[in-house]
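This report walks through a single chain, from one helix to its cores and charged pairs. Please keep the model open while reading.

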Amino acid sequence: MPGPSMFHPQRRARRGAALTLVFAGVLATGAAAGSWSAGGQDGRKTPEARAASRTAARPADRAVAGEERPGDGAGAPVDRSEVEAAAARAVEDGKSGTEAAAEVVGRSGDRWSAVYSAREYEGLERALNGTYIGVGVSARRAAGGRTEVDSVRPGSPADRGGLRPGDRLRSIDGTPVDGRPVTEVVALLRGDTNAWPGPGTPVRIGVERAGRSWERTLHRERLATESVTVERLAPGGAAGKAAVRIKVGSFTRGTGEQVRAAAAEALPGEGILLDLRGNSGGLVDEAVTAASAFLDGGLVATYDVQGRQRALEARAGGATPLPLVVLVDGGTMSAAELLAGALQDRGRAVLAGTRTFGKGSVQMPSRLADGSVAELTVGHYRTPAGRAVDGRGLAPDLQVLGDAEERARTVLSGLGGGS
């Protein structure tokens with residue numbers, strides 16, 4: 001089976017949420033705002049054969065900061081043998097092994113453990129490969145339990161349908177969404193989780209803007225995630241020096257090398273802003289690879305699996321000497337927290353923004369009798385300094401409630417210039 005993951009896709013009602021040895025968060029994106037299923041898997045390998053560890057990330061349609069925060073309600077550890085036995089008995093009796101396993105997981109109260117049908121799990125795996133099926137929006141929780149559009153992907157069905165950031169989402173296929181967790185809204189946007197709707201399937205969205213309400217039918221499409229975007233920021237004002245802004249939306253396959261390439265393009269005298277805000281995690285290996293862009297080897301994190309300690313280390317020789325500020329917020333989760341915590345503990349970066357989400361548990365996948373997959377919590381990870389993240393998050397070095405990017409650039413101007 002795959003290694004550790006920090007996934008945190010949408011938590012499904014009564015079924016927890018996590019993905020293979022998840023550390024905490026990879027596709028929270030798809031989870032929250034409208035489309036989780038991704039495309040792009042080659043279809044030649046089973047999840048067991050790929051052994052990818054994850055944390056949490058967010059592909060495109062996703063939830064952003066502002067909904068539930070993990071706390072003490074992690075629940076009791078789920079007995080893997082009990083889950084597997086429940087599924088096997090159900091299959092022998094001609095019943096659903098997936099539902100039987102989900103019932104056992106639900107009784108545990110562990111919000112991060114989950115059971116997925118074979119088809120659902122395949123969709124989650126595809127998302128990690130950088131594509132998904134959705135409408136191209138991310139959503140956020142607003143005041144009074146409302147759900148608003150946080151961003152709209154250019155050229156997506158949502159964009160062509162006239163949706164704009166700030167629009168209030170009132171209903172999905174006739175179901176009111178006020179008061180629902182953003183993750184549930186996303187599940188409705190992408191459709192029946194048991195069917196994993198493909199491209200071309202319709203979804204009717206009720207929208208409100210400036211007191212005017214209307215409905216619009218959109219058709220889902222296969223969209224490629226843009227996990228890394230790079231922008232060169234010119235010097236000016238209090239911000240001081242020029243900077244390269246590297247925005248990482250999620251840690252899907254290839255993200256780590258994209259971060260390394262972007263960091264390598266920064267020029268002497270510039271600073272680097274690594275923007276992990278709203279990043280719900282993803283593949284652990286990708287986060288470690290990204291760390292290698294800023295650390296010359298050494299420890300990134302440790303994690304325990306069933307009582308055995310493991311270490312994750314950056315590769316040597318890839319560190320850039322340029323000053324670094326990492327932007328974080330309540331939507332920074334899982335693998336993103338693993339990366340941010342490593343850079344903070346190693347003294348490589350200043351963290352600016354607000355406290356991170358706090359998803360530091362590790363899930364391990366197990367194939368059940370009917371082909372479904374149970375991802376059950378088996379341990380937790382810690383930063384290089386031994387700090388636990390789960391339920392606590394990371395406190396930034398610089399607490400910023402306003403324009404965090406502007407403040408971060410001011411901090412960059414005061415850090416060493418590198419050579």
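Helices here are DSSP runs of H or I with at least four residues, numbered from the N terminus. The model is a predicted one.

**Helix α3**

α3 is followed by Gly-94, which has a positive phi near 80 degrees. The helix itself covers residues 80-92, 13 residues in total. From first C-alpha to last it reaches 19 Å, close to the expected 18 Å. Which residues of α3 are buried? They are Arg-80, Val-83, Ala-86, Ala-87 and Ala-90. Seen down the axis of α3, the buried residues fall within an arc of 135 degrees, so they line one face of the helix. The cover over these buried residues includes α4 (97-108), β20 (361-367) and β21 (373-382). The face turned away from the buried side carries two exposed residues, Arg-89 and Glu-92.

**Three loop residues**

Asp-173 sits in the loop between β8 (168-172) and β9 (175-176). Its phi is positive, near 50 degrees, and Asp-173 is not a glycine. Asp-173 is partly exposed, at a relative accessible area of 39%.

Ala-210 also has a positive phi, about 50 degrees, without being a glycine. Ala-210 belongs to the loop between β10 (202-209) and β11 (212-219). Is Ala-210 buried or exposed? Ala-210 is exposed, with a relative accessible area of 84%.

Val-135 lies in the loop between β5 (131-134) and β6 (137-141). Val-135 is buried, and its relative accessible area is 0%. Its C-alpha atom is separated by 9.7 Å from that of Pro-202, 67 residues apart along the chain.

**Nonpolar cores**

The largest nonpolar core has 45 residues. Among those with the most contacts inside it are Ile-246, Phe-251, Leu-274 and Phe-294. Helix α10 (residues 334-345) gives the largest share of this core, seven residues. Ile-246 touches residues beyond its neighbours within four places in sequence, including Val-228, Val-259, Ile-272, Leu-274 and Asp-275. A second, separate core has 16 residues, among them Val-149, Leu-189, Val-203 and Ile-205.

**Salt bridges**

Side chains of opposite charge can pair when their charged atoms come close. How many salt bridges does a search of the whole structure find? The search finds 21. The table gives some of them.

| Pair | N to O distance | Citation |
|---|---|---|
| Arg-140 and Asp-150 | 2.9 Å | closest N and O atoms |
| Arg-168 and Asp-178 | 2.6 Å | closest N and O atoms |
| Asp-275 and Arg-277 | 2.8 Å | N to O |

Arg-140 pairs with Asp-150. Arg-140 lies in strand β6 and Asp-150 in strand β7 (residues 147-152), so the pair ties together parts 10 residues apart in sequence. Both ends are partly exposed: Arg-140 at 24% relative accessibility, Asp-150 at 26%.

Arg-168 pairs with Asp-178. This pair links strand β8, which holds Arg-168, with the loop between β9 and α7 (182-190), which holds Asp-178. Arg-168 is buried, with a relative accessible area of 14%. Asp-178 is partly exposed at 35% relative accessibility.

Asp-275 pairs with Arg-277. Asp-275 is buried, at a relative accessible area of 1%, whereas Arg-277 is partly exposed at 21% relative accessibility. Salt bridges that share partners join Arg-245, Lys-247, Asp-275, Arg-277 and Glu-405 into one network. Asp-275 is thus a link between topics: a member of this network and a contact of Ile-246.

Notes:
Residues numbered from 1 in each chain as written. Predicted model: local features only at pLDDT ≥ 70, side-chain atom pairs only at ≥ 80, totals over all residues. Heavy atoms only, no water. Buried < 20%, exposed > 50% of the residue type's maximum accessible area, 1.4 Å probe, protein only. Expected span 1.5 Å × (residues − 1). Arc of directions from axis to C-beta. Contact = heavy atoms within 4.5 Å. Core = buried A, V, L, I, M, F, W, Y, C linked by side-chain atoms within 4.5 Å. Salt bridge = Lys/Arg side-chain N within 4 Å of Asp/Glu carboxyl O.
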